[in-house]
Structure formats: structure tokens, C-alpha cells
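Welcome! Take a moment to look over the structure below, and then let us walk through it together, starting with the place where the ligand sits.

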Amino acid sequence: MRSARLVVPLVALVLAACGAPATGSQVQAAKGALVGVTMPTTSSERWNHDGQNIKRDLEAKGHRVDLRYAENDVPNQVKQIEDQIRAGAKLLIIASVDGSALTKPLQLAADARIPVIAYDRLLRDSPNVDYYATFENFRVGVYQAESLLTGLGLRTGDGSPGPSTGPFTIELFAGSPDDNNATFFFNGAMSVLKPYLDSGTLVVRSGQTDFQAVTTLRWDGETARKRMEDILATSYRRTKLNGVLSPYDGISLGILTALKNNGYGPVFPIVTGQDAELPSVKSIIADQQYSTIYKDTRELATVTALMADAVLKERTPPQLNNLNDYYNGVKVVPAFLLNPVSVNKANYHKVLVESGYYTDDQLR
Ligand code: BGC
């Protein structure tokens with residue numbers, strides 16, 4: 001059974017954004033509460049930052065944190081969540097490996113009246129998800145496509161037509177099909193690219209333009225490298241590839257490896273990315289990867305910790321700014337969305353170094 005708080009209508013959630021003050025005993029009960037945090041994998045830099053940041057922020061609020069990484073293994077993540085429920089967690093924060101695969105542990109959590117916050121990736125097909133903290137995922141895809149156009153010279157930074165007219169050859173990569181974000185990124189990107197594809201200014205020689213045809217299971221760079229090699233071998237024997245829509249830095253590096261193996265460089269096709277991971281930022285500085293999308297995981301952790309703290313004190317979290325877009329197949333999950341930032345060689349220093357995300361030394 002869900003707690004009474006969860007049947008409050010959405011409008012009331014917004015109106016109550018400041019939340020009723022918690023009683024002394026609620027605050028007492030929340031202090032030192034165990035929070036179970038599960039993350040998808042340590043193999044990508046961003047999730048390591050996410051985990052550390054959330055742990056630090058929750059501990060600073062006096063909570064205890066059990067942080068686990070599932071290493072992209074679904075049964076492993078199910079078990080970790082079940083363990084946390086058994087250990088007496090009072091709240092769960094979950095960045096899923098497969099957003100639809102956790103309905104059973106989520107039901108267990110609901111039965112034990114444990115609230116759940118979906119972190120970065122929406123938890124799908126379950127009523128037992130209370131809140132969602134993430135970035136403007138559609139906008140991430142828009143920014144990726146816009147930077148692809150800018151890199152090709154079809155558009156300038158301010159959105160006006162660029163010096164080139166094309167046509168250009170591009171290939172499309174999407175993220176893992178079991179991650180709700182992958183669809184948002186791809187749809188955002190296609191909303192920008194479609195007119196250029198329709199007019200023939202951009203040409204996908206492989207013919208692979210449907211989401212299902214271009215996904216990359218578990219966002220795996222090696223899978224992307226192989227797909228890129230296959231496409232180069234079949235569709236680019238006599239024609240050069242000019243650009244690649246890549247949804248994530250780990251995939252971008254796989255794509256660049258395939259390009260190098262096939263004789264590309266020192267001038268590379270325009271390759272996009274996401275997460276501003278260190279190897280990719282270095283690659284951008286070295287004129288290989290063209291761009292990435294920076295998502296400040298420190299901010300996401302801060303927002304999530306504030307949400308968690310409010311929920312533990314039985315208040316409605318004040319940090320909600322989207323009550324419409326994240327239908328998970330059963331319900332619309334009230335969400336807080338943060339802004340992503342498009343980064344390339346021209347602005348990486350301002351965005352990543354001056355904000356303290358990286359130091360100059362790290363990028364050398
Ligand atoms: C995240 C991205 C990340 C991708 C691969 C997505 O769910 O939103 O930031 O690049 O997973 O880890």
C-alpha cells in the first residue's frame with residue numbers, strides 16, 4: 001500500500017511546493033535514516049561522480065547511505081535493491097540499468113512504504129515511483145543535433161544558416177533501448193535533423209535511421225565501434241563520412257576508434273557526445289571528438305538530496321518543475337529537470353574549468 005502522501009493530486013503537489021513544516025518527531029525520525037542508492041555501472045565516469053556526490057550530500061544532511069553499483073547487470077541491481085529494503089532503507093534512489101526491469105523490487109518497496117526517487121533515468125511500468133530528478137533530456141538531443149550541424153557548417157552558433165550547403169553524409173547512433181532517456185535524446189536530435197534529411201542536405205548512406213536500428217545496448221562503446229566499422233565497410237568504401245550523431249561520450253570514443261582504424265584523421269568527421277567525460281574532453285581539445293553535452297552531476301545530486309530529505313521528513317519536495325512529460329507507462333512521475341549545456345572546443349574552458357568541474361591539470 002502506498003502512503004497517503006502519494007495519492008495527493010499533482011496540482012496540490014505544486015501548490016504545496018513549500019511543504020508543510022515537519023513535526024519535531026518527523027525530523028527526529030528522518031535523522032540518520034538509511035538511504036539505499038543504486039547506480040548502473042562504475043565503467044562510466046559520470047556514474048562514479050553521481051554516486052559520490054549523492055552520498056556526500058545525503059551524509060551532510062545527517063543520513064546514512066548504502067551506495068551500490070550494478071555493473072550493468074539487471075539481476076544484480078534487483079538483488080541490491082532487495083538487500084537495501086531488507087536492511088531497513090527508509091528511501092531508495094535508483095538510476096536503473098533497465099528502466100522496466102525493476103517492477104518487482106519497486107512493489108516490495110511500496111509494500112514496505114519506502115518511497116522511491118528515480119535518478120536521471122525514469123523507472124518505467126510501475127506505479128511505485130514517487131519522484132524523478134533528471135536533466136532536460138529532449139533538449140540534450142536537440143543540442144547534440146545542433147552541434148552536429150554547427151560542426152558541419154550548416155548552421156552557426158546563433159542558429160542562423162552557416163557557410164556550408166552540403167550535402168553531407170552522416171550516421172546516427174542512439175543509446176540503450178531499455179533506457180527511457182535514449183528515446184528522448186534521439187527524438188530531440190531527430191526533431192532538428194529531420195528537415196535536413198528530408199531535403200537531402202544530410203544523407204544517411206547506411207539507411208539506418210529508425211531508433212530500433214541505431215540503438216546501442218547498455219551504451220557500450222565497443223558495440224558502437226563494431227557497428228561503425230560495419231557501416232564504414234558497407235556504405236563508405238568510396239564516399240567519406242562527414243558526421244556522426246553520438247549520444248554518449250563512451251560511444252563517441254568507440255566511433256572514433258573505428259574511424260581511425262579505417263584511415264580517418266587527422267581531420268575527423270564531426271562526432272557529438274554527452275557527459276563531458278574526461279577522455280572525451282581531452283579528445284575535443286585534440287580536435288578529434290567535436291562536442292559533448294555537459295550535465296552537472298553535482299547539481300543533480302544536490303537536487304536529489306534535497307528531494308530525498310524532504311520526502312524523509314514527509315514533506316512534498318519543493319524541487320519539482322515538470323509535472324507532464326514523464327509518463328512511465330502507468331503514471332506521470334513528478335520531476336525536476338536541470339539544464340544541460342552544449343560544449344565544444346570554443347567554450348570548454350569557460351564551462352568546465354571555470355565552473356570547477358575539471359582543473360586545467362586534469363585536462364592536460
Ligand atoms: C544518461 C546519460 C549517459 C547515458 C550512458 C543516460 O541515461 O542520461 O547522461 O550518457 O545514460 O551512461
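The ligand takes up the space of the second largest pocket. Keep in mind as you look around that this is a predicted model.

Which residues surround the ligand? The shell consists of Arg46, Trp47, Asp120, Arg121, Asp179, Asn181, Phe185, Trp219, Tyr248, Gln274, Asp275 and Lys295. Sorted by class, this shell holds 6 charged, 4 nonpolar and 2 polar residues.

Where do these residues come from? Both domain 1 (10–129 + 296–339) and domain 2 (137–294) give at least three residues each to the shell around the ligand. If you prefer to follow the helices, look for helix 3 (45–60) and helix 7 (180–199), each of which supplies at least two residues of the shell.

Now zoom in on the side chains. The table gives three distances between an oxygen atom of the ligand and a polar side-chain atom.

| Residue | Distance to a ligand oxygen atom |
|---|---|
| Arg46 | 2.8 Å |
| Arg121 | 2.7 Å |
| Asp179 | 2.6 Å |

For Arg46 and Arg121, the side-chain partner is an N or O atom. How much of the ligand does the protein bury? On its own, the ligand would expose 310 Å², and the protein buries 98% of that area.

Let us leave the ligand and turn to some details of the backbone. Most peptide bonds are trans, and most residues other than glycine have a negative phi. With that background, a few spots in this model are worth a visit.

Begin with the bond that joins Gly166 and Pro167, which is a cis peptide bond with omega of about 0°. To find Pro167, go to the loop between helix 6 (137–152) and strand 6 (168–172).

Further along the chain, Gly265 and Pro266 are also joined by a cis peptide bond, with omega of about 0°. Pro266 belongs to the loop between helix 10 (249–261) and strand 9 (270–271).

What is the sign of phi at Arg113, positive or negative? Arg113 is not a glycine, yet its phi is positive, at about 55°. You can find Arg113 in the loop that runs between helix 5 (103–111) and strand 4 (116–119).

Key. Residues numbered from 1 in each chain as written. Predicted model: local features only at pLDDT ≥ 70, side-chain atom pairs only at ≥ 80, totals over all residues. Heavy atoms only, no water. Near = heavy atom within 4 Å. Polar contact = N/O pair within 3.5 Å; in protein donor to acceptor, adjacent residues only side chain to side chain. Areas by Shrake-Rupley, 256 points an atom, 1.4 Å probe, with all protein chains shown as cover. 1 Å grid on protein atoms, 1.4 Å probe; cavity = no way out; pocket = protein on both sides within 12 Å on 5 of 7 lines; lining within 4 Å. Sits in = over half its atoms within 2 Å of the grid points. Helix = DSSP H or I, 4+ residues; strand = E, 2+ residues; numbered from the N terminus. Nonpolar A, V, L, I, M, F, W, Y, C, P; charged D, E, K, R; others polar. Domains from an automatic or database assignment.
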